[in-house]
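User: Hey, can you walk me through the insides of this protein? I'm curious about empty space and packing.

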Amino acid sequence: MVPSRPSLTLFAHLVSRPEPEIDLVQASLVFAESEYPSLDVARYVSTLEALGRAAARRIAQDAPHGTTEERVRVVLEWLYGSQGFRGNAEEYYDPRNSYLNEVLDRKKGIPITLAVVLLDVATRAGIDAKGISFPGHFLVGAGDRQKEAPRPGFGTRYAAKQVETPGVPLVIDPFHGRILAGQELEALHARVTGAGPRVDPRLLEPCSKRQILARMLSNLRSIHASRNDDERLRNVLEHLVAIAPSPELSRELDRLGGSRAILARPTANRSFN
């Protein structure tokens, strides 16, 4: 399969925008077009818009004056309970887990793609949510627990008992669709890093949209390299170069025959609505 060059050109344009103007969902779907040339980007954007509107209605009904934690629980109940989104533990390294259209169709994925869904839905529902590029397991942060105390008994299925940490965001595991208590976060850190349980607060700082896209593509890079799928690997590398060029990426592309990309600005605007 020869990847769609127009989609790469548009992807490069989308990720070249200033950080506040980058649309993470659009960029993720435009990247997916290189694998699925007939993909209807607008349809998937509409799907997320509908999920976000429904989540906002749930919050208005169940937690109109709730804390960030209470509102997050409502969103998790909606996405992972009512809608059935979940982590694909059975086929974790299936490449489809890294394409947002497949995640929305199949309602399963890996932490980073499920995080893209959760970030978009939560933001549309009025929650200030950010990606956290935690080592080995992408997380989502929301608000700040410092001044918020949840009411007892609210949404217990999707949250463990919280350990208050001033200045640290509410931390959500998008793979399992639940809020992580302090001890759970420490256990996750120990498991994925092999280091001690103490979590450096810097690991919980929000990451940029470009960093999210780069990490998503890096997952596919590893999968395609392990399968010796040079054509798809080359496509992923070309998209990574559009995000953050580096000598390492250039050398790997040269090994595969060089980049086929001519990254000019799109000549026409395109609507995703």
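User: What volume does the largest cavity have?
Analyst: This is a predicted model, and in it the largest cavity has a volume of about 30 Å³.

User: How many cavities of 30 Å³ or more does a search of the whole structure find?
Analyst: The search finds 1.

User: Which residues line the largest cavity?
Analyst: The lining is made of Val72, Val75, Leu118, Ala122, Ile127, Ala129, Val140 and Ile172. Helices α4 (68–82) and α6 are the elements that give two or more residues to it. By class, that lining has 8 nonpolar residues, no polar and no charged ones.

User: OK, pockets now. What's the volume of the largest pocket, and which residues are closest to its centre?
Analyst: The volume is about 460 Å³. Of the 23 lining residues, Ile22, Leu24, Leu119, Thr123 and Lys209 are the closest to the centre.

User: How does that lining divide into nonpolar, polar and charged?
Analyst: The pocket lining has 10 nonpolar, 5 polar and 8 charged residues.

User: And which element gives the largest share of it?
Analyst: That's α6, with 5 residues.

User: Switching to packing: how many residues are in the largest nonpolar core?
Analyst: There are 69, and Phe11, Val75, Leu79 and Val117 have the most contacts inside it. Helix α6 (residues 111–124) gives the largest share of this core, 9 residues.

User: What does Val117 touch, leaving out residues up to four places away in sequence?
Analyst: Val117 touches Leu48, Leu79, Phe85, Leu100, Val103 and Leu104. Apart from this core lies another, of 9 residues, including Ile132, Phe134, Val171 and Leu185.

Methods
Residues numbered from 1 in each chain as written. Predicted model: local features only at pLDDT ≥ 70, side-chain atom pairs only at ≥ 80, totals over all residues. Heavy atoms only, no water. Core = buried A, V, L, I, M, F, W, Y, C linked by side-chain atoms within 4.5 Å. Buried < 20%, exposed > 50% of the residue type's maximum accessible area, 1.4 Å probe, protein only. Helix = DSSP H or I, 4+ residues; strand = E, 2+ residues; numbered from the N terminus. Contact = heavy atoms within 4.5 Å. 1 Å grid on protein atoms, 1.4 Å probe; cavity = no way out; pocket = protein on both sides within 12 Å on 5 of 7 lines; lining within 4 Å. Points joined across faces, edges and corners; volume = space filled by probe spheres on them. Nonpolar A, V, L, I, M, F, W, Y, C, P; charged D, E, K, R; others polar.
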